[in-house]
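Please open the model in your viewer and keep the selection panel at hand. The stops below move from the surface to the interior and then along the strands.

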Amino acid sequence: MIEKDPAFSEFVEGNKAYMSFSICGVQVLIFKEDVGTSYYYKLPWQNGLDYPCVKTFMKYAIPVLSEILEERRLNKLIASGNVRKATLRTI
């Protein structure tokens with residue numbers, strides 16, 4: 001579901017630090033972290049919405065999103081156009 005969202009590709013490609021997504025009628029923000037991703041509920045809190053549904057969905061979605069993001073970060077790091085330089089350090 002998240003991959004089909006139009007903002008997903010911008011999020012993964014690095015153009016955005018977060019994406020807004022609605023699941024079970026609840027608006028969440030998915031953020032890039034130093035490693036992986038995390039999510040937060042968009043405020044204000046609204047009684048009657050299915051927050052447990054979001055928690056269950058994200059329990060499985062966040063590890064998958066984190067893996068996709070870290071794989072993309074690694075691919076960017078080792079892309080053929082990137083030049084890596086080593087620095088010799090002596091003690």
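**From the surface patch inward**

Begin by selecting L74, L77 and I78, which together make a nonpolar surface patch of about 290 Å²; for such a patch, residues need over 30% relative accessible area and no salt bridge (a side-chain nitrogen of Lys or Arg within 4 Å of a carboxyl oxygen of Asp or Glu), nonpolar side chains (Val, Leu, Ile, Met, Phe, Trp, Tyr) are joined within 5 Å, and areas come from the Shrake-Rupley method with a 1.4 Å probe, only the protein chains shown counting as cover. This is a predicted model, in which local features need pLDDT of at least 70 and side-chain atom pairs count only at pLDDT 80 or more, whereas totals for chains, interfaces and linings use all residues. Residues are numbered from 1 along each chain as its sequence is written, and side-chain values use heavy atoms, with hydrogens and water left out.

L77 belongs to helix α2 (residues 51-77), helices being DSSP runs of H or I with at least four residues and strands runs of E with at least two, numbered from the N terminus.

Next, select I2, M19, F21, I30 and M58, which touch the most other members of the 17-residue largest nonpolar core, a set of buried (under 20% relative accessible area) Ala, Val, Leu, Ile, Met, Phe, Trp, Tyr and Cys residues joined through side-chain atoms within 4.5 Å. α2 gives the most to this core, with 6 residues.

Then turn to β2 (26-32), which is largely enclosed by the rest of the structure, because 5 of its 7 residues are buried. β2 pairs with β1 in the antiparallel sense over 6 bridges (pairing requires at least two DSSP bridges), and Y18 has F31 as its bridge partner. Finally, 5 bridges join β2 to the antiparallel strand β3 (residues 37-41), where Y40 stands opposite L29.

Note on methods. Patches are made of residues with over 30% relative accessible area and no salt bridge: like charges are joined within 9 Å, nonpolar side chains (Val, Leu, Ile, Met, Phe, Trp, Tyr) within 5 Å. Buried means under 20% relative accessible area, exposed over 50%, partly exposed in between (1.4 Å probe, protein chains only).
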